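Dear colleague,

Please find below the sequence and the predicted model that I am handing over to you. My notes on one part of the fold follow.

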Amino acid sequence: MKQTLSVEVLFDFICPWCLIGQRQLQAALLLLQRQQPQVQVDLQWRGVQLLPGLPANGLPFHAFYVQRLGSEQAVRERQAQVRAAASVVGEDIDFTRIRRMPNTANAHRLLQRASSLLGAAQLEAMLAQLFIAYFHQGRDLGDSRVLLAIAQSCGLQAVQVADCLRDDGSPFLDGAGRAGSAVPRFRFNEGRLIAGAQPAEVLLAAMLEALQEQVPA
């Protein structure tokens with residue numbers, strides 16, 4: 001009997017734990033496919049803008065985190081922690097390349113628009129490109145030119161997405177009410193929210209539980 005598993009992920013592009021969570025989710029979905037190949041997965045990414053009050057052109061990245069965490073030492077320790085966790089899932093986050101803490105409203109609007117224009121595999125590829133652009137290449141996801149170039153590399157035309165790329169800093173509100181300030185969060189078959197970049201085995205267990213609850217007694 002075929003079953004459907006809805007997977008909802010609440011995330012923001014500036015959160016490295018969301019990149020780590022994406023990789024853990026990919027691993028969990030591969031495990032699920034091996035164990036229960038009959039399950040059809042409906043994956044939806046729900047954007048949450050953690051810092052909607054940022055200027056449209058963002059802020060200097062390093063200065064932002066020094067002010068937020070209180071000291072240079074605290075920044076180094078936090079970044080080391082994140083890099084260690086990222087390395088476990090095969091990601092090498094390069095904080096030295098990142099110059100801007102971007103306003104992510106346009107990036108979220110772009111991905112939301114793309115979700116209605118691209119297939120699931122193409123949308124996943126775009127999400128990956130956006131994460132790579134920021135955490136690997138240090139590109140500014142608040143820059144409309146960067147976002148447009150990524151959209152075009154994923155097969156979209158400028159006319160399809162131009163109205164998403166505003167320069168007024170207007171916030172992206174979809175999903176914010178459900179996630180508050182905590183991302184990533186995962187929800188399977190509209191069940192409880194699971195917070196944090198959980199290991200693949202934890203996510204798989206939650207998926208299997210959600211599927212079990214779906215089976216009639």
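I begin with strand S1, residues 3–11. Seven of its nine residues are buried, that is, under 20% relative accessible area, so S1 is largely enclosed by the rest of the structure.

On one pairing, S1 runs parallel to strand S2 (residues 39–47), and nine bridges join these two strands. Within this pair, Phe11 is placed opposite Gly47 of S2. The connection from S1 to S2 passes through helix H1 (residues 16–35), and the resulting β-α-β crossover is right-handed.

S1 also pairs with strand S5 (residues 185–188), here in the antiparallel sense and over four bridges. Two of the facing positions may help you to find the register: Glu8 stands opposite Arg187 in S5, and Val9 stands opposite Phe186 in S5.

As for the sheet as a whole, four strands form an open sheet in the order S2-S1-S5-S6, and the pairing is mixed. S2 and strand S6 (193–195) are the edge strands, each of them pairing on one side only. From one strand to the next, the twist averages 20 degrees.

Helix H1 packs on this sheet, where it touches S1, S2 and S5. The direction of H1 makes about 170 degrees with that of S2.

When you inspect the strands, please bear in mind that side chains in a regular strand alternate between the two faces of the sheet.

With kind regards

Technical notes:
Residues are numbered from 1 along each chain as its sequence is written. This is a predicted model: local features need pLDDT of at least 70, side-chain atom pairs count only at pLDDT 80 or more; totals for chains, interfaces and linings use all residues. Side-chain values use heavy atoms; hydrogens and water are left out. Buried means under 20% relative accessible area, exposed over 50%, partly exposed in between (1.4 Å probe, protein chains only). Two strands pair if DSSP finds at least two bridges between them. A crossover is right-handed if, with the strands pointing away from the viewer, the path from the first strand over the helix to the second runs clockwise. Axes are lines fitted to C-alpha atoms, for helices over the stretch in contact, and angles run from 0 to 180 degrees between N-to-C directions. Contact means heavy atoms within 4.5 Å.
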